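This report describes a structure of two chains, taking first the contact between them and then each chain in turn. The sequence and the structure are shown below.

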Amino acid sequence: MSEKEAVLAAARRFYDALEDLMSGRGRQNMDEAWHHMASVTSSHPIGDWAYGWDEVAATWDVFAGIGRPDLSGSKITDLRGCVCGDLAYTTCIFHTAPIVGEFKLNCTNVLQKVDGVWKVVHHHPDKDARIGEALQRIAETD
Amino acid sequence: MTRPMVPLQSRSDSDGGFSVSQDEAAVVRVRAWGFWSVEIAGAFAKSVVDVCRAGDLPRSVSVDAEDLKPQRDEGQAALVAMFDAVAAMGVEHVSVVASSPLTRLMLARIVKGTVKKGFVELKAGMR
């Protein structure tokens with residue numbers, strides 16, 4: 001497997017983990033998709049920047065907390081990547097689950113190879129307040 | 001007769017913190033911000049309870065969480081402990097204002113799962 005293939009596989013693991021998390025299958029695979037370092041960063045379609053693994057994990061906790069089977073159905077398309085040494089970035093289009101509203105978000109991820117393993121160190125999707133409104137309704141009415 | 005202001009309690013570090021005071025209308029006012037360490041989370045509920053007990057029982061607790069980030073288990077547990085403690089003391093109502101949609105999602109789950117219906121009112125902030 002080439003480095004680029006390994007990066008794209010790591011990015012797919014991240015989105016598979018996101019699907020698991022939103023489907024109510026917990027945060028374990030999301031934890032494994034990230035390097036747990038103080039330098040990692042993340043934002044989401046809603047909310048502010050999270051700095052460092054503790055803050056990043058707390059944001060995934062929020063999504064895990066509302067996860068349930070009918071929130072499944074997200075997918076990515078047009079995944080592309082570029083490798084520069086032990087750092088790489090990917091871009092893709094993330095399609096939210098139907099119950100959320102089937103929004104399409106441009107996403108960028110930065111991955112780093114540490115001890116021979118590519119994992120996410122930065123995640124940045126488009127902002128879309130409509131997703132927050134949909135999730136809030138779901139969280140309050142289930 | 002004007003009530004004396006109950007002294008402010010606060011804990012903070014570079015990443016987050018909270019402050020608690022009681023105003024003249026017998027409302028305990030809490031400001032919570034940032035991301036809490038284990039130490040700050042551990043001090044939160046007791047600080048709010050201490051201020052509630054320092055004067056006449058407050059009718060309500062108002063929480064400004066405009067700048068509060070989503071919290072790990074310790075921070076979530078601290079919020080739950082505070083809601084439960086002030087409910088047990090006889091406080092009638094808690095209002096929480098949060099700007100971050102992620103923080104509101106966290107709070108919505110906490111409120112739904114742990115506190116009697118209608119006791120905590122969650123509002124969107126203006127930031």
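## The contact between the chains

Two residues are taken to be in contact if their C-beta atoms, placed from the backbone, lie within 7 Å. The contact between the chains takes 18 residues from chain A and 13 residues from chain B. On the side of chain A that touches chain B, α3 (52–66) and α4 (129–141) of chain A each supply at least two residues. The element that gives the most to this side is α3(A), with nine residues. By class, the residues of the side of chain A that touches chain B comprise seven nonpolar, six polar and five charged.

The model is a predicted one, and every value in this report is to be read accordingly.

## Chain A: overall form

Chain A contains four helices and six strands. Read along the sequence, these elements follow the pattern α-α-β-β-α-β-β-β-β-α.

The C-alpha trace of chain A spans about 45 × 30 × 25 Å along its principal axes. For 142 residues, a compact globule would have a radius of gyration near 14 Å, and the 14 Å of chain A agrees with this.

## Chain A: the sheet

The six strands of chain A form an open sheet in the order β2-β1-β6-β5-β4-β3, with mixed pairing. At the edges stand β2 (50–51) and β3 of chain A; each has a single partner strand, so one side of each is left without a neighbour in the sheet.

Starting from the β3 edge, strand β3 (residues 75–84) of chain A pairs with strand β4 (residues 87–95) of chain A in the antiparallel sense, over eight bridges. Within this pair, Thr77(A) stands opposite Ile93(A) of β4(A). The two strands β3(A) and β4(A) form a hairpin with two residues between them, and Gly85(A) in the turn has a positive phi of about 65 degrees.

Next in the sheet, β4(A) is joined by nine bridges to strand β5 (residues 104–114) of chain A, and the two run antiparallel. Here Thr90(A) stands opposite Asn109(A) in β5(A). In turn, β5(A) runs antiparallel to strand β6 (residues 117–125) of chain A, to which eight bridges join it. Val110(A) has His122(A) in β6(A) as its bridge partner.

## Chain A: a helix across the sheet

Helix α1 (residues 3–22) of chain A lies across four of the strands, namely β3, β4, β5 and β6 of chain A. With respect to β3(A), helix α1(A) runs at about 140 degrees.

## Chain B: overall form

Chain B has three helices and six strands. From the N terminus on, its elements run β-β-β-α-β-α-β-α-β. The radius of gyration of chain B is 13 Å, close to the 14 Å that the globule rule gives for 127 residues, so chain B is as compact as a globular protein of that length. Taken along the principal axes, the C-alpha atoms of chain B fill a box of roughly 40 × 35 × 25 Å.

## Chain B: helices α1 and α2

The axes of helix α1 (residues 38–54) of chain B and α2(B) come within 8 Å and cross at roughly 10 degrees. Angles under 35 degrees count as roughly parallel, and α1(B) and α2(B) are therefore roughly parallel to each other. The crossing in which α1(B) passes α2(B) is right-handed.

On the α1(B) side, the residues of this contact are Val38(B), Ala41(B), Gly42(B), Phe44(B), Ala45(B), Val48(B), Val49(B) and Cys52(B). They meet Glu74(B), Gly75(B), Ala78(B), Ala81(B), Met82(B), Ala85(B), Val86(B) and Met89(B) in α2(B). The contact of α1(B) with α2(B) divides into 13 nonpolar, two polar and one charged residues.

## Chain B: helices α2 and α3

Helix α2 (residues 73–89) of chain B also packs with helix α3 (residues 101–114) of chain B, at an angle of about 45 degrees and with the axes 10 Å apart. The helices α2(B) and α3(B) are therefore oblique to each other. In this pair, α2(B) passes α3(B) in a right-handed crossing.

From α2(B), the contact is made by Gln76(B), Leu79(B), Val80(B), Phe83(B) and Asp84(B), and from α3(B) by Met106(B), Ile110(B) and Thr114(B). The contact of α2(B) with α3(B) has five nonpolar, two polar and one charged residues.

Definitions and conventions:
Residues numbered from 1 in each chain as written. Chains lettered and ligands numbered in written order. Predicted model: local features only at pLDDT ≥ 70, side-chain atom pairs only at ≥ 80, totals over all residues. Nonpolar A, V, L, I, M, F, W, Y, C, P; charged D, E, K, R; others polar. Axes fitted to C-alpha atoms, helices over the stretch in contact; angles between N-to-C directions. Parallel < 35°, antiparallel > 145°, perpendicular 65-115°, else oblique. Left-handed = near helix turned anticlockwise from the far one by under 90°. Pairing = 2+ DSSP bridges. Rg over C-alpha atoms; globule rule 2.2 N^0.38 Å.
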